[in-house]
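Here is a dialogue between a learner and a teacher on how to read a structure, feature by feature.

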Amino acid sequence: MDTTRADLSALDRGLTQLGTLVESVQASDFERPTPCDDWTVRELLGHVLQGPANFATSVRGGKPDWSAGAELPDDWAATFASHADDLRDAWGENPDKEPGPDFQTGELAVHAWDLATALGKDSAELDPTVAERGWAVMSAALTPENRGKAFEPARAAPQDADPYQRLAAFAGRKV
């Protein structure tokens with residue numbers, strides 16, 4: 001497989017928009033609920049910070065530790081940006097790594113929706129291409145048997161759902 005510019009461009013846009021949302025989080029938001037069952041904004045932010053670092057480890061052939069909880073550093077936005085840059089670098093070093101970055105793009109899109117929703121922001125303002133690419137790979141790859149704890153059973157999305165709402169519902173979020 002040869003990762004295309006479109007693959008990497010969507011991943012980059014997903015990292016950038018999630019980074020913008022991470023930057024907007026204030027400590028006063030930490031205890032707000034999220035669409036992720038049993039997670040507050042603090043817990044979601046901890047997971048979001050670790051995502052790009054774990055993806056970079058995977059792209060480089062290592063085994064990420066998804067169970068590791070992230071302590072929130074004082075400058076969580078800078079930490080996310082550093083991890084995002086590391087993931088971009090990992091793809092630059094391993095452009096033929098399989099599977100390509102679209103599943104990662106989908107994960108970023110789901111969590112962008114989660115965080116935007118928790119912060120009261122409109123997902124219609126997010127880049128629809130990121131969610132559409134994530135939807136394409138996730139809808140083909142996620143089955144009821146392999147969803148694990150990360151993704152609840154798919155739910156119905158409203159008829160007028162935007163791409164993020166459709167992806168979030170597929171990932172088990174109540175939209």
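The turns below go from the whole chain to one helix and then to two residues.

Q: What kind of model is this, and how are its residues numbered?
A: This is a predicted model, in which local features need pLDDT of at least 70 and side-chain atom pairs count only at pLDDT 80 or more, while totals for chains, interfaces and linings use all residues. Residues are numbered from 1 along each chain as its sequence is written, and side-chain values use heavy atoms, with hydrogens and water left out.

Q: How many helices and strands does the chain have?
A: Helices (H or I, at least four residues) and strands (E, at least two) are DSSP runs, numbered from the N terminus. The chain has six helices and zero strands.

Q: Which radius of gyration does the chain have, and what would a compact globule have?
A: The radius of gyration is taken over C-alpha atoms, and the globule rule is 2.2 Å times the number of residues to the power 0.38. For 175 residues a compact globule would come near 16 Å, and the chain has 15 Å, which agrees.

Q: What span should helix α4 have, and how many of its residues are buried?
A: The expected span of a helix is 1.5 Å times one less than its number of residues. Helix α4 (residues 102-118) has 17 residues and should therefore span 24 Å, and its end C-alpha atoms are indeed 24 Å apart. Buried means under 20% relative accessible area, exposed over 50%, and partly exposed in between, with a 1.4 Å probe and protein chains only. By that rule 15 of the 17 residues of α4 are buried, and the helix is followed by G120, whose phi is positive, near 80°.

Q: Where is Q17, and what does its side chain reach?
A: Q17 lies in helix α1 (residues 5-24), and it counts as buried because its relative accessibility is 12%. A polar contact is a pair of N or O atoms within 3.5 Å; within protein, one must be able to donate a hydrogen and the other to accept it, and residues adjacent in sequence count only if both atoms are side-chain atoms. The side chain of Q17 reaches the backbone nitrogen of D127 at 2.9 Å, and a polar contact of 2.4 Å joins the side chains of Q17 and Y164.

Q: Is Q165 buried, partly exposed or exposed, and what is it in contact with?
A: Q165, in helix α6 (residues 163-170), counts as partly exposed because its relative accessibility is 23%. Contact means heavy atoms within 4.5 Å, and, leaving aside neighbours within four places in sequence, Q165 is in contact with W113, S123, A157, D160 and V175.
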